[in-house]
Each structure stands twice: as C-alpha cells, then as structure tokens.
Amino acid sequence: LVRAARAAPPQRNPDDTVLVVVQLSGGNDGLNTVVPYADDVYGRSRRTLRLTGTQVHKIDGQLGFHPQTKGFARLFKEGHLSVVQGVGYPNSDRDHPGAMRDWHTGRPHVPHAQTGWLGRTIDHVTGEGQSVVPGAFVGGIPQPFALNAEKAVVPSIPSLRQAADTPAPPGAKQHRRRLAEAAEAARPGDNPLVDFVQRSTLEAHAAAEKIEAVARDTRGAGDYPPFGLAGDFRTIAQLIRARLGIRIYFAELGGGGIGGFDNHANQRDNHAALLRQLSKSVAAFVDDLDRDKLLDRVLLMTFSEFGRTVSENGRRGTGHGAAQPVFLAGGRLRGGLVGAHPSLDDLDQDALKH
C-alpha cells in the first residue's frame with residue numbers, strides 16, 4: 001500500500017481553472033461583429049456592408065450583434081459572454097505575419113522573441129519533474145507560435161474521435177499495462193531519474209486509459225453543430241472531463257496563415273458564414289460544459305491579429321485595420337460590455353483606435 005501510494009500519479013485539484021484561446025485567422029471585422037448600427041458614420045462608410053437595427057441582435061440603442069451570431073446574443077443575455085471593446089496596442093502592425101506574431105508572443109515589436117505568451121505560461125506552471133504538460137493545441141493547422149515554450153513540449157491533438165477509431169497495434173494495451181505494473185512494482189529510491197520514469201509511466205498509462213474511455217463515451221459528448229471548430233470544442237470538452245491536468249487549450253477558426261477572416265472582397269457572405277460557425281460552436285461548447293457543471297472552471301477568449309477598416313473598398317470588402325473586440329465566454333463572468341466602443345469620428349488611417 002505504501003509503495004502504491006508513493007507511485008500513484010499526483011491528484012490534481014478538480015477545481016483547477018481552464019483557459020481556452022480561440023484564434024480568428026485573417027483579421028476579424030469587429031465593426032460588423034459588434035455593430036454600431038445607430039452611428040451615421042458607420043452607415044455612410046459601408047454602403048453595401050452596413051447592417052441595420054432591424055437586422056442585428058440588439059445589445060442596446062447603439063450596438064447589436066451580427067445577425068448570424070444568435071448564440072452570442074443568447075449567451076450575452078445569460079451573462080455567459082462579455083465583449084471587451086477596442087482591444088489593440090500602440091503602433092500595431094497591419095501585416096498578417098507581424099501582427100499575428102505580436103499577438104502570439106505578447107511582445108509587440110520584438111521580432112526575435114523565441115517563445116509565445118502561452119508557452120511561457122506553460123513553462124511557468126509546469127512543475128519540476130512533472131510529466132503532464134498543462135497545455136495543448138486542438139486543431140488541424142500547424143501549431144500556433146503562442147504555444148512555443150522554452151522547456152515544455154506542447155502536444156497537438158487532431159481529435160479524440162480519430163484516436164478512438166484508430167486501431168491500436170496488436171498487444172499495445174497489454175504492453176502498456178505491463179509497463180505500468182512494472183513501474184508500480186518498482187521500489188522508490190534515491191535516484192531522481194528512476195523516480196521520474198516511474199511516475200511518468202504511471203501517469204501516461206492513467207492518461208491513456210482516461211482518454212480512451214472519454215473518447216468512446218458519447219453520452220457526455222453534447223450536441224454540437226457540424227463545423228470543424230465545434231468538433232475541436234467537443235474534443236476540448238472531453239479532455240476537460242478526463243481531468244488530465246491540461247489547463248490551457250488553443251483552437252483556431254479561419255484556416256491559419258492569411259485566414260478566412262481576411263475579407264478584401266465579397267465580405268458579407270464570407271464573414272457571415274464564419275461568424276455563424278463561431279457563434280454556434282461557442283454556444284454549444286458553453287451549453288455542454290454547463291450541463292456537467294464544468295462551466296465555472298472555464299474561460300474562453302477569442303482574438304484576431306487586427307480589425308478591419310471602417311470604410312469598405314470598391315470590391316465590397318475591407319482592408320487591414322487595428323482595434324477589435326475580444327470575446328470572453330464562461331461561467332464566472334460579470335457579462336456585458338467592457339469599455340467604450342471606439343469612436344468612428346477619431347480614426348487612425350481609417351481604422352479604429354484601441
């Protein structure tokens with residue numbers, strides 16, 4: 001019993017909080033996401049892209065959510081969504097790679113930064129000798145630089161369903177179980193390396209068992225729409241239920257690189273389709289966690305590399321802007337609007353000031 005107690009994986013606090021970061025690749029048009037429908041400057045600047053008070057989900061007498069963000073509007077009314085208005089930084093980069101790197105590193109205008117802000121956080125919270133990394137990327141694009149750490153190796157997870165449907169090599173489970181039994185039977189001593197290997201083996205076996213069980217259990221999978229982002233959120237919810245010690249998740253909408261939110265032409269329908277995916281996916285994720293009383297542990301935040309210009313161009317699109325709204329979703333928010341909406345009368349090269 002003493003040997004088993006010493007060898008058992010450390011028990012994590014079930015109330016540990018979780019951060020889910022969602023990247024909107026390409027530069028989301030915040031002005032048509034949280035719409036100043038009553039502002040005359042907005043109406044005059046967007047001849048084909050403007051949204052009216054009869055179209056939006058009204059927040060108040062000045063602002064409303066895009067028509068395709070019904071889920072956001074509901075979460076806002078329930079107190080599970082906050083809008084932080086006019087987020088940006090001084091002298092912001094309006095080029096995709098530079099702006100995204102600023103957001104990923106958290107160190108604007110430091111072009112040679114080697115770590116991301118989440119990677120540094122993961123390094124900070126990873127205990128010495130700990131084998132479980134408290135961060136992961138869930139999605140199909142290359143892992144974002146924000147998760148680049150100095151010490152930790154952060155995993156990328158395509159989907160739990162794919163893992164569950166992939167047959168294991170013959171004898172893999174038995175081999176893994178024998179390794180775990182051997183590690184449990186080993187006598188703890190004064191050799192830190194042996195102790196680390198023993199603990200890592202046991203933790204890996206326990207984690208694999210939990211992941212397989214959660215991946216095959218569809219009872220707690222929730223009701224998600226048929227979008228890629230929604231599938232990533234389903235995976236994240238399942239991993240949260242598995243209680244593996246992962247505290248930071250990163251997901252993405254838009255395809256990475258110069259992503260789908262970069263609407264220089266024909267913006268109306270493209271932007272609407274992306275916002276529909278975002279809103280319905282976030283709402284399903286929040287509802288799923290809320291049903292299992294997990295929502296109070298989780299905070300989701302969105303970001304994009306920049307907003308868009310106030311004026312539309314001649315191709316029914318917009319250019320690269322600056323300030324943008326950041327959305328927060330979770331169970332312990334005050335909810336509502338945070339900060340004032342940027343002025344449309346005081347612009348920086350046709351872009352909202354942060």
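Ala 272 sits in helix α10. Helices (H or I, at least four residues) and strands (E, at least two) are DSSP runs, numbered from the N terminus. This is a predicted model, in which local features need pLDDT of at least 70, side-chain atom pairs count only at pLDDT 80 or more, and totals for chains, interfaces and linings use all residues. Residues are numbered from 1 along each chain as its sequence is written, and side-chain values use heavy atoms, with hydrogens and water left out.

**Ala 272**
- Ala 272 counts as buried because its relative accessibility is 15%; buried means under 20% relative accessible area, exposed over 50%, and partly exposed in between (1.4 Å probe, protein chains only).
- Beyond its neighbours within four places in sequence, Ala 272 is in contact with His 66, Gln 68 and Gln 267. Contact means heavy atoms within 4.5 Å.
- Thr 33 is 239 residues from Ala 272 along the chain, and their C-alpha atoms are separated by 9.1 Å.

**Overall build**
- The protein has 10 helices and 13 strands.
- Of its 354 residues, 49% count as buried.
- Among contacts with a separation of 6 or more, 73% join residues 24 or more positions apart.
- The exposed area is about 17,300 Å², and carbon and sulfur atoms supply 52% of it. Accessible areas come from the Shrake-Rupley method with a 1.4 Å probe; for residues, only the protein chains shown count as cover.

**Nonpolar cores**
- The largest nonpolar core holds 49 residues, of which Val 20, Phe 65, Phe 233, Tyr 249 and Phe 285 touch the most other members. Such a core is a set of buried Ala, Val, Leu, Ile, Met, Phe, Trp, Tyr and Cys residues joined through side-chain atoms within 4.5 Å.
- Helix α10 gives this core its largest share, 9 residues.
- Another core, of 23 residues, lies apart from it; Val 87, Met 100, Leu 118 and Ala 149 are among its members.
- Outside its neighbours within four places in sequence, Phe 233 is in contact with Val 20, Val 22, Tyr 224, Ala 251, Ser 281, Val 282, Phe 285 and Leu 300.

**Helix α3 and its packing on α10**
- In α3 (residues 70–78), the buried residues include Gly 71, Phe 72, Ala 73, Leu 75 and Phe 76.
- Their cover includes β3 (57–58), β4 (64–65), β5 (81–87), α10 (267–291), β10 (324–330) and β11 (336–338).
- The axes of α3 and α10 are 7 Å apart, at an angle of about 40°. Axes are lines fitted to C-alpha atoms, for helices over the stretch in contact, and angles run from 0 to 180 degrees between N-to-C directions.
- That angle makes α3 oblique to α10. Under 35 degrees counts as roughly parallel, over 145 as roughly antiparallel, 65 to 115 as roughly perpendicular, and the rest as oblique.
- On α3, Lys 70, Gly 71, Phe 72, Arg 74 and Leu 75 make the contact; on α10, Leu 278, Ser 279, Val 282, Ala 283, Val 286 and Asp 287 do.
- Gly 79 follows α3 and has a positive phi, near 85°.

**Helix α4**
- Helix α4 (residues 96–105) is largely enclosed by the rest of the structure, because 8 of its 10 residues are buried.
- Its buried residues pack against β1 (18–24), β5, α5 (117–125), β8 (248–253), β9 (298–303) and β10.
- Gly 106, just after α4, takes a positive phi of about 70°.

**Gly 330**
- Gly 330 is in strand β10 and is buried, with a relative accessible area of 1%.
- Leaving out neighbours within four places in sequence, Gly 330 is in contact with Gly 79, His 80, Leu 295 and Val 298.
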